Amino acid sequence: MNTYLKLTATVFLMSSLLSSCTLLRFAYAPSIQQVPAFKEKNESRVTAVAASTLVGTENSYSLQGAYAVTNHFAVTAAWNGSLRSQDELNYTDGNGNTGTDIVKYKRSSAEFGAGIFYPISKDKKVFFELYGGYGFGKNNISDNSTTNGGALGFHNSKTNRYYIQPSFSFHTGENFTLSTALRFTSIGYTNIQTSYDNQELNTYQLLEITRNRLLFVEPALISSFGFDSAPWFRIQAQMNASLLTGNSNTNYRSNYFSLGFQFDPVKAMKQK
């Protein structure tokens with residue numbers, strides 16, 4: 001038993017030292033989900049939100065648009081990008097010199113989708129929505145340091161993404177909506193250019209994305225509330241979690257929180 005405890009403590013200590021001396025490379029960060037919560041034809045949504053991971057220091061934004069073509073069919077589009085997104089690790093070498101390793105992320109993507117929405121309650125306050133779509137973009141990771149001359153390495157790739165997103169929207173009042181969504185995302189990485197060797201790719205857990213697509217299950221909770229004086233304007237908040245399925249061994253951002261503004265241009269024009 002003592003031997004087992006010593007071995008366990010040794011493994012834990014080595015793992016802690018390794019993780020404390022190496023910054024992870026996150027191959028994936030979830031985009032902000034778009035749930036229009038439409039109820040009828042000619043409703044529109046223009047949304048601008050900013051998001052931040054609850055763990056780590058990756059920030060992003062999303063500009064979204066949606067339009068209800070009929071009483072049950074809608075189209076969507078979005079542009080997602082990075083804000084200040086980087087992880088830092090302060091260290092001291094054997095000579096007593098201090099420095100900071102920095103891993104920066106620059107991600108961008110466009111996506112297009114379409115879907116249906118139907119009331120499932122007699123009072124038409126609860127709607128079921130089902131959207132699907134395709135997205136494409138760039139996923140760039142770069143190493144930087146306050147020593148060693150600055151840039152140290154990079155991993156750049158193109159991405160393509162398919163998703164399907166069922167959701168339920170509860171319109172509890174004229175100025176408040178609560179939605180729950182469960183998005184299934186399949187993402188692939190192509191045209192990979194990197195300065196990392198195979199050992200570094202294995203250490204940073206980036207080998208898997210060169211072989212297989214990654215599949216994520218992503219639950220989300222979205223709320224929006226507005227004002228009687230401006231029914232075409234709302235504040236929107238969202239919390240999202242990402243869960244990697246299968247046997248893939250890849251680092252990814254597992255959650256975020258977003259806050260932003262939502263407009264209904266069609267309703268604004270009608271009111272005016």
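Where does Arg234 sit in this chain? Arg234 is in strand S9, the stretch that covers residues 230–241. Before we follow that residue around, one thing to keep in mind: this is a predicted model, so every value here is computed from predicted coordinates.

**The overall layout**

Let's step back and look at the whole chain. There are three helices and 11 strands. Starting at the N terminus, the order of elements reads α-β-β-β-β-β-β-β-α-β-β-β-β-α. The chain has 272 residues, and 42% of them are buried. If you take the contacts with a sequence separation of 6 or more, 66% of them join residues that are 24 or more positions apart.

**Back to Arg234**

Now for that arginine. Arg234 is buried, yet it has no salt bridge. What is the nearest side chain of opposite charge to Arg234? That would be Glu174, at 6.6 Å. A salt bridge needs a nitrogen and an oxygen within 4 Å of each other, so at 6.6 Å the pair does not qualify.

Still, Glu174 does have something to offer through its backbone: its backbone oxygen is 3.0 Å from a polar atom in the side chain of Arg234. The side chain of Ser224 is a polar contact partner too, at 2.9 Å from the side chain of Arg234. Setting aside neighbours within four places in sequence, the residues in contact with Arg234 include Asn175, Phe176, Thr177, Phe225, Gly226, Gly260, Phe261 and Gln262.

**The pocket**

Arg234 also turns up in the next part of the tour. The largest pocket holds about 460 Å³ of space. It is lined by 27 residues, and those closest to its centre are Glu43, Arg45, Arg234, Asp264 and Lys267. Several elements give two or more residues to this lining: strands S6 (153–173), S7 (176–194), S8 (214–227), S9 and S11 (255–263), along with helix H3 (265–271). Which element supplies the largest share of the lining? It is S9, the strand of Arg234, with four residues.

**The cavities**

Rolling a probe the size of a water molecule over the atoms reveals where empty space remains. Across the whole structure, a search turns up three cavities of 30 Å³ or more. The largest cavity has a volume of about 360 Å³. Its lining is made of 31 residues, and Ala29, Pro30, Ser31, Arg107 and Ser109 lie nearest its centre. The elements giving two or more residues to that lining are strands S1 (44–52), S2 (58–68), S3 (73–92), S4 (98–119), S5 (126–145), S6, S7 and S11. You'll have met S6, S7 and S11 already, as they also line the largest pocket.

**Salt bridges**

How many salt bridges does the structure hold? There are nine. Here are three of them, with the distance between nitrogen and oxygen.

| Pair | N to O distance |
|---|---|
| Arg45 and Glu43 | 3.6 Å |
| Arg84 and Glu88 | 3.6 Å |
| Glu111 and Arg161 | 2.2 Å |

Each pair has its own setting. Arg45 and Glu43 are both buried, and both are among the residues closest to the centre of the largest pocket. For the second pair, Arg84 has a relative accessible area of 52%, so it counts as exposed. Its partner Glu88 comes in at 45%, which means it is partly exposed.

Then there is the bridge between Glu111 and Arg161. Because Glu111 lies in strand S4 and Arg161 in strand S6, this pair ties together parts that are 50 residues apart in sequence. Both Glu111 and Arg161 are buried.

Salt bridges can also link up into a network, as they do for Glu58, Asp87, Arg107 and Arg253. Arg107 is a familiar name, being one of the residues nearest the centre of the largest cavity.

**Two residues with positive phi**

Last stop: the loop between helix H1 (2–21) and S1, where Ala37 is found. Ala37 is not a glycine, but it has a positive phi of about 60 degrees. Its relative accessibility is 8%, so Ala37 counts as buried. Asn42 is found in the loop between H1 and S1 as well. Asn42 is not a glycine either, and it has a positive phi of about 75 degrees. Is Asn42 buried or partly exposed? With a relative accessibility of 28%, Asn42 counts as partly exposed.

Notes
Residues numbered from 1 in each chain as written. Predicted model: local features only at pLDDT ≥ 70, side-chain atom pairs only at ≥ 80, totals over all residues. Heavy atoms only, no water. Buried < 20%, exposed > 50% of the residue type's maximum accessible area, 1.4 Å probe, protein only. Lys, Arg positive; Asp, Glu negative; His and termini not counted. Polar contact = N/O pair within 3.5 Å; in protein donor to acceptor, adjacent residues only side chain to side chain. Contact = heavy atoms within 4.5 Å. 1 Å grid on protein atoms, 1.4 Å probe; cavity = no way out; pocket = protein on both sides within 12 Å on 5 of 7 lines; lining within 4 Å. Points joined across faces, edges and corners; volume = space filled by probe spheres on them.
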